[in-house]
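Student: I would like to go through this structure and ask how each label is earned. Can we take it step by step?

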Amino acid sequence: MEERKLLHSFLAKSQDGLPPRRMKDSYIEVLLPLGSEPELREKYLTVQNTVRFGRILEDLDSLGVLICYMHNKIHSAKMSPLSIVTALVDKIDMCKKSLSPEQDIKFSGHVSWVGKTSMEVKMQMFQLHGDEFCPVLDATFVMVARDSENKGPAFVNPLIPESPEEEELFRQGELNKGRRIAFSSTSLLKMAPSAEERTTIHEMFLSTLDPKTISFRSRVLPPNAVWMENSKLKSLEICHPQERNIFNRIFGGFLMRKAYELAWATACSFGGSRPFVVAVDDIMFQKPVEVGSLLFLSSQVCFTQNNYIQVRVHSEVASLQEKEHTTTNVFHFTFMSEKEVPLVFPKTYGESMLYLDGQRHFNSMSGPATLRKDYLVEP
C-alpha cells in the first residue's frame, strides 16, 4: 500500500484528460484448460462429476477486474494507479449448456459502457463440445474505479463505440443504469407495495386462516406449502488472509462462492431434489469485508413457482472485538428443481416484503428456462 501511494500522480483530475478507448481495447479471451490439465480439474469438480458454479463466479469476478484494468491501462506506468472493485453483479443468465469437468472452458469479455467512475463489463463463457466452443452463460458486472489507496472515486477512460452493434451495447448500458435506479427507487425498503402486490399478500394471508376459528391469529398452512421461517440455512466463515485481494480486503469472488453454495444447499433442502442455477442477479457489494472478520451468511427461500426456487442470501460481518453486525451484501439466486416444489408462505409483514422482493427478482429474469437436466449446472 505504501508503494501504491506513489501512484497518485498518475490519476486524472478529470475524465477529459484521459484518452478515449474502444471496446476491442479491453477485449480478453481466457482459457480454463480443464480438459488438457487434469490436475486443475480437482478444484472445479463436484461429486456429480460436473463443474462447480461457485468457482465460475470467482473466475468471472477476477476477469471483470482484469478487463477494466485493460480499458484504463497507462502504458507509461508499471502499475495501475486505479483500484478496480466490483460494485454490482447486474445479471448472470445461464444458456443451459451442461458443464463437463473434462472439456476446456473459454471466457471472453470487454467493457461495454462507461460512466465517469464506473464501467459495465459484458462477459461470456463457452465450453468445448466436439470442435467448437458453445455458449454457457452471459454475465453483466458493474465495476467502479477508486484511487490508488482505494479511498475515493477515480475517473476512467471514456468509451467510443465503433459500430452499430457497439452503439447498441452502449445504449443498453445506459438503459441498464436507468433500470437499476428505477428498481432501487421502488424498493420495498422505500415504497409501499403496489395495489396488485398488496392483494397478493392479503389473499395469501386469508388462505392461511383457520376456518374453524374466527380469528386473525389462528394460522394453518395450505396443502403442499412451507412457512418461510422454516426455509432458512445459516453459515459462518472466518475471513482468513488466504482469501484477500491486493487491497488487503476479502476477494469478492470468494464471498459470491460462499453465498452461492449456501443458497444451493437451501434450495436442495427445500425442494427435496438437486437444484440447478438458472439466473443470478442484483448482487450489490455495499461494504468491503476486512481480513479477520466473522462472515455471517443467512439464506432463505423467499418465493417459489412451479419448479422454480428464488433464494435470498444476506451477508453481514462483525469483527472479533466488536459484536455489532454490518450488512455487506445481499445475493439473489434463481434455481430450478427437477420436480415441482412446495409453495412458500410468509407469516409476518417483514416476510411478506421478502416474498414480494423475491417475486420481483424472479419476474425480472430474462425468460423461464426449460428444465433439461443435461443442460444445467450444479454448485
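Student: What makes Asn224 buried or exposed?

Tutor: A word first: this is a predicted model. Asn224 has a relative accessible area of 52%. Exposed means over 50%, so Asn224 is exposed.

Student: Where does Asn224 lie?

Tutor: Asn224 lies in the loop between helix 5 and strand 6 (225–227).

Student: What is the phi of Asn224?

Tutor: Asn224 has a positive phi of about 50°, although it is not a glycine. Most residues other than glycine have a negative phi.

Student: Which loop holds Asn306, and what is its phi?

Tutor: Asn306 is in the loop between strand 9 (294–305) and strand 10 (308–318). Its phi is near 55°, again positive in a residue other than glycine.

Student: Why is Asn306 called partly exposed?

Tutor: Its relative accessible area is 45%. Buried needs under 20% and exposed needs over 50%. A value of 45% falls in between, so Asn306 is partly exposed.

Student: Now the strands. How do you know whether Cys302 is buried or exposed?

Tutor: Cys302, in strand 9, has 1% relative accessibility. The cut-off for buried is under 20%, so Cys302 counts as buried.

Student: What does Cys302 touch, beyond residues up to four places away in sequence?

Tutor: Cys302 touches Met228, Gln310, Arg312, Val344, Leu354, Tyr355 and Gly358. Take Leu354: Cys302 and Leu354 are 52 residues apart in sequence, yet their C-alpha atoms are 5.9 Å apart in space.

Student: Why does His332 count as buried?

Tutor: His332 has a relative accessible area of 5%. That is under the 20% limit, so His332 is buried. His332 lies in strand 11 (residues 326–336).

Student: Which residues are in contact with His332, leaving aside neighbours within four places in sequence?

Tutor: They include Ala279, Val280, Asp281, Asp282 and Ile283. Also among them are Gln310, Val311, Arg312, Asp357 and His361.

Student: What about Val114: buried or exposed?

Tutor: Val114 is at 9% relative accessibility. Under 20% is buried, so Val114 counts as buried. Val114 is in strand 3 (residues 105–114). Leaving aside neighbours within four places in sequence, its contacts include Gln15, His71, Met119 and Phe170.

Student: How far is Val114 from Met284?

Tutor: Their C-alpha atoms are separated by 18 Å, and the two residues are 170 apart along the chain.

Student: On to helices. Why is helix 5 called oblique to helix 7?

Tutor: Helix 5 (residues 195–207) and helix 7 (residues 349–363) pack at an angle of about 125°, with their axes 11 Å apart. Roughly perpendicular covers 65 to 115 degrees, and roughly antiparallel needs over 145. The angle fits neither range, so helix 5 is oblique to helix 7.

Student: Which residues make that contact?

Tutor: Helix 5 brings Glu197, Thr200, Ile201 and Met204. Helix 7 brings Ser352, Tyr355, Leu356 and Arg360. They divide into four nonpolar, two polar and two charged. The crossing is right-handed.

Student: How do you know that the length of helix 7 agrees with its residue count?

Tutor: At 1.5 Å a residue, its 15 residues should span 21 Å. Its end C-alpha atoms are 21 Å apart, so the two agree.

Student: What makes helix 7 mostly covered?

Tutor: Of its 15 residues, 12 are buried. Among them are Met353, Leu354, Tyr355 and Phe362.

Student: Why is helix 3 called roughly antiparallel to helix 6?

Tutor: Helix 3 (residues 53–71) and helix 6 (residues 252–271) pack at about 155°, with their axes 8 Å apart. Angles over 145 degrees count as roughly antiparallel, so that label applies to helix 3 and helix 6. This crossing is right-handed.

Student: Which residues meet there?

Tutor: From helix 3, they include Phe53, Arg55, Leu57 and Glu58. From helix 6, they include Phe254, Met256, Arg257 and Tyr260. The full contact divides into five nonpolar, three polar and four charged.

Student: Why is helix 3 described as largely enclosed?

Tutor: Because 15 of its 19 residues are buried. Its length also checks out: the expected span is 27 Å, and its end C-alpha atoms are 27 Å apart.

Definitions and conventions: Residues numbered from 1 in each chain as written. Predicted model: local features only at pLDDT ≥ 70, side-chain atom pairs only at ≥ 80, totals over all residues. Heavy atoms only, no water. Axes fitted to C-alpha atoms, helices over the stretch in contact; angles between N-to-C directions. Helix = DSSP H or I, 4+ residues; strand = E, 2+ residues; numbered from the N terminus. Parallel < 35°, antiparallel > 145°, perpendicular 65-115°, else oblique. Left-handed = near helix turned anticlockwise from the far one by under 90°. Contact = heavy atoms within 4.5 Å. Nonpolar A, V, L, I, M, F, W, Y, C, P; charged D, E, K, R; others polar. Buried < 20%, exposed > 50% of the residue type's maximum accessible area, 1.4 Å probe, protein only. Expected span 1.5 Å × (residues − 1).
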